[in-house]
Each structure stands twice: as C-alpha cells, then as structure tokens.
There are 2 protein chains.
Amino acid sequence: MSDSATRLAPGATIGILGGGQLGRMLALAAARLGLKCHVFCPDPQAPAFDVVRRTTQADYGDENALDRFAEAVDVITYEFENVPAETAAFLAERRPVLPNPSVLATTQDRLTEKTFVANLDVRTAPFAAVDSPAGLAAALGRIGRPAVLKTRRFGYDGKGQALIRETTEAAQAWKAIGAHPAIVEAFVPFEREISVIAARQHDGQVECFDVIENEHRDHILKVSRVPANVPAALAAEARRIAEKIAAAFDYVGVLAVEMFVVREASAHTVLVNEIAPRVHNSGHWTLDGCSVSQFEQHIRAVAGWPLATPVRYGRVEMINLIGDEVANYGRWLAMPGTAVHLYGKNGARPGRKMGHVTRVFPE
Amino acid sequence: MSDSATRLAPGATIGILGGGQLGRMLALAAARLGLKCHVFCPDPQAPAFDVVRRTTQADYGDENALDRFAEAVDVITYEFENVPAETAAFLAERRPVLPNPSVLATTQDRLTEKTFVANLDVRTAPFAAVDSPAGLAAALGRIGRPAVLKTRRFGYDGKGQALIRETTEAAQAWKAIGAHPAIVEAFVPFEREISVIAARQHDGQVECFDVIENEHRDHILKVSRVPANVPAALAAEARRIAEKIAAAFDYVGVLAVEMFVVREASAHTVLVNEIAPRVHNSGHWTLDGCSVSQFEQHIRAVAGWPLATPVRYGRVEMINLIGDEVANYGRWLAMPGTAVHLYGKNGARPGRKMGHVTRVFPE
C-alpha cells in the first residue's frame, strides 16, 4: 500500500500520527482545503484533538486501535519522526503512509541519517559511531576535540547530548547520555544555523521556502528569521542540498534540513546537521509571512494535490513562546503587525513550546 | 449575562450557533489562538462539525440541548442573523451572547433595520412598509418605480425579492414573495456595490478592513475586490458609516455593511443596503490578503482580547466557487499565487457556496 500517487477527493480523511502542535496545525491546514483529519495519539490531552472531529487516543502499539484507525482514513501521515517502526509497518500494509516509512528508519538513527547524507556527497561535520568508552576514545582521536556525543536515537531539543572539550571529559559524557549507542561529531564553530523547508510531490515536483536563519537558546529554537543573512549562492546551495535529500528519499510531503554555515578560508560552506522528516518549527513563519504555509504544502503533497509556489510577504521573524513566556500573550496580541498562535496546551512547563508569534516587516 | 467585557483565558470555549462555512472558519481562527469552540447546529452534515471536538446537533428550540450547550461554553456567538429570538434570549440568561441579541432583533427584519439606519442620519434607498396589495400600490405611488419588494424576514441571496418595473406588476410581485409582511424600496441605479467589514471591541475600539467592491451574479456574491475603486473620501465615508452603526448597536464582534455607490449630479454618495451582524462572504479575502482575518477579529472581540490592526498585503481578489464550479478546484490549486478554500460540504447543489479562492497581487 505504498501508493505514493494517491490523489484524494475533497472530503477525504487524512490520518495523522501524533497530536502535538504540529499535528494541530496540519489539521487546520487540511480543513482550509476541505479535507478531514483523524488524529491518533496516546496523550489524552493532545492539542490536536481539539480541532478535529475524529480522534483515537491509544498507544502506538495497540493493533486493534491502529486497525480501526487505518479503516477510518484514506492516507496516513505523521507529525514526528519517532513513530515506532512496527507501527508504521503495520499501518503501511493497510493504507498509504506518507512520507514512506523507510524515511523514518533512516532519520530515527543519527548514525544512519548522517551516513545517508554523506553517501549523497553532501557534507556533514566529521562523525563516528560510538558503542563503548573505548570506542569513544578512539573516535575522539580521529575527529578531534571539541566534539559532541549524541545518542543515536530519540534525541530532541538538546536531550541526549554532551559536549566534550577535553579527553578527560569523555567518560562523564558517555555516562551523561546514558551509555546508549551513540555518535560523536566534531564540534562545528558555525557562523550561523540555517534550515531549508522543502515540499516534494510524488511526481518529483519540489518547492522550497526561502532559507531560514535560526537562533537557539538552551538547545531550543527561539527565533527564526527569513531570509537568512547568507550570500545568494550559499542559499541556493542549501536549497539544492534539501532537494537532493528529498529526491534520494523519494519523499512525499514536507521535510526540513538543518545546516550549519561555516567559514573555511575566505569562503562559506554549509554542513548538514539534521533532517526532520516532517513540518518543522523553523517553518511556522509561513503561516503568516507567505502565500502558502508549510502545513498546507504537506497536506497538498500527501493528498496528491499540486504544490503551491510560495511567495514571501516581507522580512519575517518568528519567536517561540516557551514555558511561562506564554503568559505574555496579551502583550503580543496588542502589538501591531504581530500574528499570535497558541497551541492550546494545558501546562506551561519549562522548555515546553506553548505558542509562537510572527512579525512581518516590509522588505 | 450580557457582560460584554468578558475576557477569556486561553483554553476557554466559545459556543458558535450555526455550523456552516462561516462557523467553520470562525472555529479555525479560534484554534490558532488556543481557544476551543463548541458548534451548535441542527444539520447533522454541518461543515463546522468537522473542525471542532465538541458539537451539539439539535434544533434551535431544544431547550435541554441549549441548556447543556450553555453549560459547556464560556461565551456564545453566532454565524448567521436568523438565530431565533427565543433561542438567543434563552442562552443570554445563561452565558454572555455576543454580539448582544438586540442586534439580531433589529437585523432580522428589513423594516426595523432600515428604520434603525435612517434614525442614525445614514442614508438608505427610499423605503416603505407594505402589508397588503393596497399598501403596496400606495407605497409605489410615494417612492416611484422601478422598485424592489422584499419580505421583511428570512431573505438571503436574492430569495424573497421581486423587482417591480410597472405598476401592473405589483400584484404578481406580492404573490411572488408569498404575501408576507414586506418592505418596498426604490430601485437604486448604483454604479457599484461595496461593503465595509468592521470589528468592534467592548471598549469601543473599532478596526475596519479596507473597503471592498462586490460583484453579484444571480443575486449571489461572485467576486470581491480590494481596494474598491472609489475615491478616498468616499471610502472614508463608508467606513465612518460602518463605525457609526457598530457604535449605535454597542456592538462586540465583526459586522458587515453593504452599500450602494450612486452618482448624484457630479458627486458620488453611498446608501446603506443591508447590515450583516456577523462575518461576511465579502471579507473572506482577509484570510490570505491581510495580516489578520475577519474571523480572528471576531474571535478576538468575543474573547475580550485586543483587536489587531489589519495590514493588507496587496490588491486582492476573492472568487466564490458556487455549485459545481467547485469541481475545478484542481485548476485553482495549480494556479500560482492562489489560495484555495473548500468548505467540506457534501452536495454541490446549484447556488450553494462550496468554497472560494483568493489571489493577491502586488500593488
């Protein structure tokens, strides 16, 4: 059932695995287009449940629930990359799952992902697999220091990472990440972090949004700015890389590629840091600053509908509202030219993404 | 419970009476802001049901259902002006109903509405009440011909209207509108039709969108263009009229005023044709062509949140997809710079509004 050329009729139902803010914004985009969504999520408080009529609250391993979910929908997509492989495989036997589950297998593991990118002749930071303290010491010998040790699986927002400045810190770092299978990467003294959001259709059509510049605080995205302050040739190169990765996956939907911009001698170059096989926080600005949003592009692709050509409305800045920053929503509502998005989450825990605001300025 | 200064917290629930495309787009706007909606509608196929978690499918006279609905929500609004007066009164005893139900009483009756407008020293076409064939003959004698006979209540999209060119057509017209209590209006040889969408907050703050020019076909809105091709002074006058009407109602929410532009000697003037106490088809362009939509402005007002100041992104054209025109959605999806909205309705009956498209052009 990996029929990537599905073409949905208006009124058809898209199943979404995951009920966070990304699933919520996907469902809202589908609603504009006259498509229904059915959200599957284990969390009874999932914010996406509030914006759809059909929901399944069940574990990703609950085969009865998955079976009924598949019956109720026409095509299935996901809002996050850690969908269990068994869940994706079970569903893919019953309905088209887009992007195809092999993308999940590649991107759920940092080592597989980095190897995949390197095999496309796309540059990354030097990296090595690490399975033991001895292996870590050997790898540090090859790639040098400072370096970053990261678990191969289930890391996000800086979780499962440890910086190693000196060789003496290696043992501590190995413990800090829980002694899980890992990857060690050379620390990249980047000038800036950028991302490219690309949408790809089953026929190979690709539409990229303009290159985004990202600012993180405490390993969490805080501000995205568009366009990124990089030379045009470098922006074009970044988009080419995203297209190359999307084509190599035979990707259907929206994908984000995070990259570092580094200076080498007198020139700048980009290194791929991470692939997110989904809509991405750094693309939220498209909801207000562009003629089409990343969420609508993903829905169009998954529905087998033509992609739109994005036209940006100006210089755009997106600011995440993290934890109790959301309490200031009233100030943002009153700020001229500011679009406010709140995700309908219940508790403003530290580090939790509660909403975002977008500001569009004339260019 | 007519507390117009309610201020909702994020996560609060807005009850919406009516489940058509306007209710649907209101619910989508509320979702962006982290507010929940509960839709009440007698129609089991209501398109707004698909985009909210909480729904009530019941008759507007079902007091048990209304009671439970009121219990479940924090504030109540409506997507259409023909909410029965008894329904509004029943709910207003339990929760704030915004805009306040007295607005419904005025705008449900063309005679009361026109009288209300005339009492504000705002011009309309000459009109007279008609309750019998004899009364119609007398009224035609006073206001002249051609004239339009309209039922006082429940008319929309040209339904319940008859044009009278010659006195001999009067009896036929009276029959055609069903011999209901009516109003007869002088036919206005207008140059163009315009509308103003105004949002008003409980503290009196008003934000108008730019004046819209409307083109009807078979009495149904077909195309809206912004800005309207009218002199700046006339546009300002049109906005002043909308503000005056909103203030006179002590209105909270979005209201549309339809007007005719007529030439008198060498000058242009505007005559008010109709008030819609709700979001309006001619304001759909704001979803894509403006920094804030009419739907979000309405939700902000009803929530007691500050209004946004609208910034238009260019010259905008909105085209309704009526009846089987919706079958062409694929062509519109592929057209660069075009935003497509489908309402998720089941049958494309003739005259039924199935969706709309918006195109934004640089100014």
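Reader: In what order do the four strands of the open sheet in chain B run?
Author: This is a predicted model. In chain B, the pairing within this open sheet is parallel. The edge strands are β3 (54-57) and β4 (75-78), each pairing on one side only. Between neighbouring strands the twist averages 20 degrees. The order in chain B is β3-β2-β1-β4.

Reader: Which residue of β2(B) stands opposite B:Ile14?
Author: Strand β1 (residues 13-17) of chain B pairs with strand β2 (residues 36-41) of chain B. The two run in the parallel sense, over five bridges. Opposite B:Ile14 in β2(B) stands B:Cys37.

Reader: Which strands of the open sheet in chain A stand at the edges?
Author: Chain A has an open sheet of four strands in the order β3-β2-β1-β4, with parallel pairing. An edge strand here has a single partner strand, so one side of it is left without a neighbour in the sheet. The edge strands of chain A are β3 (54-57) and β4 (75-78).

Reader: Which residue of β3(A) does A:His38 stand opposite?
Author: Strand β2 (residues 36-41) of chain A pairs with β3(A) in the parallel sense. Four bridges join them. In β3(A), the residue opposite A:His38 is A:Arg54.

Reader: How many of the nine residues of strand β9 in chain A are buried?
Author: A residue counts as buried if 20 or more other C-beta atoms lie within 10 Å of its own. Strand β9 (residues 192-200) of chain A is largely enclosed by the rest of the structure, because its buried residues number eight.

Reader: Over how many bridges do β9(A) and β13(A) pair?
Author: Strand β13 (residues 253-264) of chain A runs antiparallel to β9(A). A:Ile197 stands opposite A:Ala256 in β13(A). The bridges between β9(A) and β13(A) number nine.

Reader: Which residue of β11(A) stands opposite A:Ile194?
Author: β9(A) also pairs with strand β11 (residues 212-217) of chain A. They run antiparallel and are joined by three bridges. Opposite A:Ile194 in β11(A) is A:Glu213.

Reader: Which residue in the turn between β9(A) and β10(A) has a positive phi?
Author: Strand β10 (residues 206-208) of chain A runs antiparallel to β9(A), with three bridges between them. A:Arg200 stands opposite A:Val206 in β10(A). The two strands form a hairpin with five residues between them. The turn residue with a positive phi, about 100 degrees, is A:Gly204.

Reader: How far apart are the C-alpha centres of domain 1 and domain 2 of chain A?
Author: Chain A is divided into domain 1 (13-98), domain 2 (126-186) and domain 3 (192-361). For domain 1 and domain 2 of chain A, the C-alpha centres lie apart by 34 Å.

Reader: Which element supplies the largest share of the side of chain A that touches chain B?
Author: 31 residues of chain A are in contact with 31 residues of chain B. At least two residues each come from α1 (21-32), α11 (329-333), β16 (338-342) and β17 (353-361) of chain A. The largest share is four residues, from β16(A).

Reader: How many residues on the side of chain A that touches chain B are nonpolar?
Author: That side of chain A also holds eight polar and four charged residues. Its nonpolar residues number 19.

Reader: What kind of axis relates the two copies?
Author: Chain A can be laid on chain B with an RMSD of 0.0 Å. This takes a turn of 180 degrees and a shift of 0.0 Å along the axis. The copies meet through the same surface, because 100% of the interface residues of chain A are also interface residues in chain B. The two copies are thus related as by a two-fold rotation axis.

Note on methods. Residues numbered from 1 in each chain as written. Chains lettered and ligands numbered in written order. Predicted model: local features only at pLDDT ≥ 70, side-chain atom pairs only at ≥ 80, totals over all residues. Contact = placed C-beta atoms within 7 Å. Nonpolar A, V, L, I, M, F, W, Y, C, P; charged D, E, K, R; others polar. Least-squares fit on C-alpha atoms with pLDDT ≥ 70 in both. Domains from an automatic or database assignment. Pairing = 2+ DSSP bridges. Buried ≥ 20, exposed ≤ 12 C-beta atoms within 10 Å, placed from the backbone. Axes fitted to C-alpha atoms, helices over the stretch in contact; angles between N-to-C directions.
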